[in-house]
Amino acid sequence: MTSARRSVEEHERHVASLLHTLRAGSTAQVSLSHALHRTLAETVVSPLDLPSFRNSQMDGYAVRATEIADAPVTLPVQGVVAAGDGETRLEPGHVLKIMTGAPIPEGADAVVPVEHTREAGPGRVTVEQGVFAGTYVREAGSDVRAGDMLVPAGTVLGARHIAALAAVGAISVPVRARPRVAVISTGSELVPAGDALAPGKIFNSNGPALAASAQANGADIVVIDHCHDDPDEFVTMLGHAVEVADVVFTSGGVSQGDFEVVKDTLQPLGGEFVSVAMQPGGPQGTAVYGGVPILTFPGNPVSALVSFEVFARPSLREAAGLPPVTRKTVPLTTGVTSVAGKRQFLRGRLDENGVTPFHGHGSHLVAGLAAADVLLDIPADTTSLEAGELVKVVTL
Ligand SMILES: Nc1nc2c(c(=O)[nH]1)N[C@H]1C(S)=C(S)[C@@H](COP(=O)(O)OP(=O)(O)OC[C@H]3O[C@@H](n4cnc5c(N)ncnc54)[C@H](O)[C@@H]3O)O[C@H]1N2
Ligand code: MOO
């Protein structure tokens, strides 16, 4: 029998302490092409000035501003400087045609855009407007200086950070290691996609869903397996999983039936199986096997995902260096009722008017789960809320 009743908060603390091993904070060096969405483990300092040399912001003519102060002025064109060219020198009394990104010739101090000039016969141009020194010149180091911070530690790398890192020539970056997760779905009724659905059988949805949830929260999936209600098979599978994973998530086999493979195997080995005062996700278990923490989630698909959300997601995100999930407080569009003494996690949809809870509460409603974009978190001591009252929601 289930041994004890726990509040959600107590079980959260218990799981968090069990998963402290994930927070060792190891780092990995990954190539920049694999760094998207990873968390930077150390601050990256720019190894060079950006721009690394003075260059033109416009296609036009490099000039000495004092020589065109009385524009319109016609001057000989000394030549052309393209992007990628090396250093050049502007002779006094001349202009140099210049392209965007090309190095500003020594002696020049401004660029006149081509639109403000006109050709004045072979090799000559008339500059129609004067410019101040510095106009359309991108100074070396005006973006970042060598030795200054480019991207701080703890940044979850997006395309914009990759742009800055690539611009200074970074080949690889130090990132927080991803927690390695094993997912084992249990149940003799389960068949994998592609197999025939014989009478009494169902497709395994928890395995792919838990794996996707873990990946979405910074984890690498190292095992995804399915086990029949067979303790020997389960022990063998678990043994393989703990060799390669930092944490194992199981689903199913934890309540009060005759074939509770997870509970029946792990309880005699010191696993704790409790009833948590929440709905869905009441039957929960934890164990340590081969030194690796195991979280055993209930089998109903909604219960499994809500369990992940409440108990696993915070620790996984912390281990991966991802920011904590934020909760919003929003008004209800319709009233809700709730069971006294249990924290309810209702599925719902959020829009500009507030959150609309779904009315079917069954934990097997997996298609309904797909239609939800938030979970409403109704406190254990609340039994009803009116439309317009505020509730906490967490984005799925
Ligand atoms: N007498 C009692 N019966 C039940 C209780 C209880 O307190 N007393 N609790 C109910 C609640 S609440 C839940 S949640 C479930 C949890 O049961 P298990 O964790 O043992 O899960 P199973 O019995 O293996 O499966 C439950 C349900 O979910 C389906 N399932 C399981 N795994 C998958 C999967 N990978 N993909 C899709 N669907 C899955 C399974 O076929 C069952 O329909 O127990 C209640 N019973
Ligand atoms: O916890 Mo069960 O999750 O209510 O269906």
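This is a short talk on the two ligands, one aromatic pair and a few backbone features in this structure.

Before anything else, please keep in mind that what we are looking at is a predicted model, and that the values I quote are computed from it.

Let me begin with ligand 1. There are 22 residues around ligand 1, and those that come nearest are Glu189, Asn204, Ser205, Val254 and Gly299. If we sort the shell around ligand 1 by class, we find 7 nonpolar, 13 polar and 2 charged residues. In terms of secondary structure, at least two residues of that shell are supplied by each of strand E14, residues 180–186, strand E16, residues 202–203, and helix H6, residues 301–320.

Which atoms of the protein approach the oxygen atoms of ligand 1? From Glu189, a polar side-chain atom lies 2.7 Å from an oxygen atom of the ligand. Gly299 contributes through its backbone, with an N or O atom 2.9 Å from an oxygen atom of ligand 1, and Gly253 likewise offers a polar backbone atom, in this case at 3.1 Å from a ligand oxygen. As for how far the ligand is covered, ligand 1 on its own has 870 Å² of accessible area, and the protein covers 64% of that. The site itself belongs to the largest pocket, where ligand 1 sits.

Helix H6 brings me to the aromatic residues, where the structure holds 2 aromatic pairs. One of them is formed by Phe249 and Phe308, which meet edge-to-face, with 5.8 Å from centre to centre and 85° between the planes. Because Phe249 lies in strand E18, residues 247–251, while Phe308 belongs to helix H6, the pair ties together parts that are 59 residues apart in sequence.

Now to ligand 2, which also sits in the largest pocket. Its surroundings consist of Gln279, Pro280, Gly281, Gly282, Pro283, Asn300, Ser303 and Ser363, and by class this shell has 2 nonpolar and 6 polar residues, with no charged ones. How is ligand 2 contacted by Ser303, through its side chain or its backbone? Here an N or O atom in the side chain of Ser303 is 2.3 Å from an oxygen atom of the ligand. By contrast, Gly281 places a backbone N or O atom 2.5 Å from an oxygen atom of ligand 2, and a polar backbone atom of Gly282 is 2.8 Å from a ligand oxygen.

Staying with that stretch of chain, I would point out that Gln279 and Pro280, both of which are among the residues surrounding ligand 2, are joined by a cis peptide bond with omega of about -5°. Pro280 is placed in the loop between strand E20, residues 278–279, and strand E21, residues 283–289.

Another cis peptide bond runs from Ala71 to Pro72, with omega near 5°, and Pro72 has its place in the loop between strand E5, residues 60–63, and strand E6, residues 73–81.

The last backbone feature is His37, which has a positive phi of about 70° although it is not a glycine. This residue, too, lies in a loop, namely the one between strand E2, residues 27–31, and strand E3, residues 44–45.

Conventions: Residues are numbered from 1 along each chain as its sequence is written. Chains are lettered from A and ligands numbered from 1 in the order in which they are written. This is a predicted model: local features need pLDDT of at least 70, side-chain atom pairs count only at pLDDT 80 or more; totals for chains, interfaces and linings use all residues. Side-chain values use heavy atoms; hydrogens and water are left out. A residue is near a molecule or strand if one of its heavy atoms lies within 4 Å of it. A polar contact is a pair of N or O atoms within 3.5 Å; within protein, one must be able to donate a hydrogen and the other to accept it, and residues adjacent in sequence count only if both atoms are side-chain atoms. Accessible areas come from the Shrake-Rupley method with a 1.4 Å probe; for residues, only the protein chains shown count as cover. On a 1 Å grid over the protein atoms alone, a cavity is a set of points where a 1.4 Å probe fits but cannot get out, and a pocket is an open set with protein on both sides within 12 Å along at least five of seven lines; lining residues have an atom within 4 Å of a point. A molecule sits in a cavity or pocket if more than half of its atoms lie within 2 Å of its grid points. Helices (H or I, at least four residues) and strands (E, at least two) are DSSP runs, numbered from the N terminus. Ala, Val, Leu, Ile, Met, Phe, Trp, Tyr, Cys and Pro count as nonpolar, Asp, Glu, Lys and Arg as charged, and the others, Gly among them, as polar. Rings of Phe, Tyr and Trp (its six-membered ring) pair if their centres lie within 6.5 Å; planes under 30 degrees apart count as stacked, over 60 as edge-to-face and the rest as tilted.
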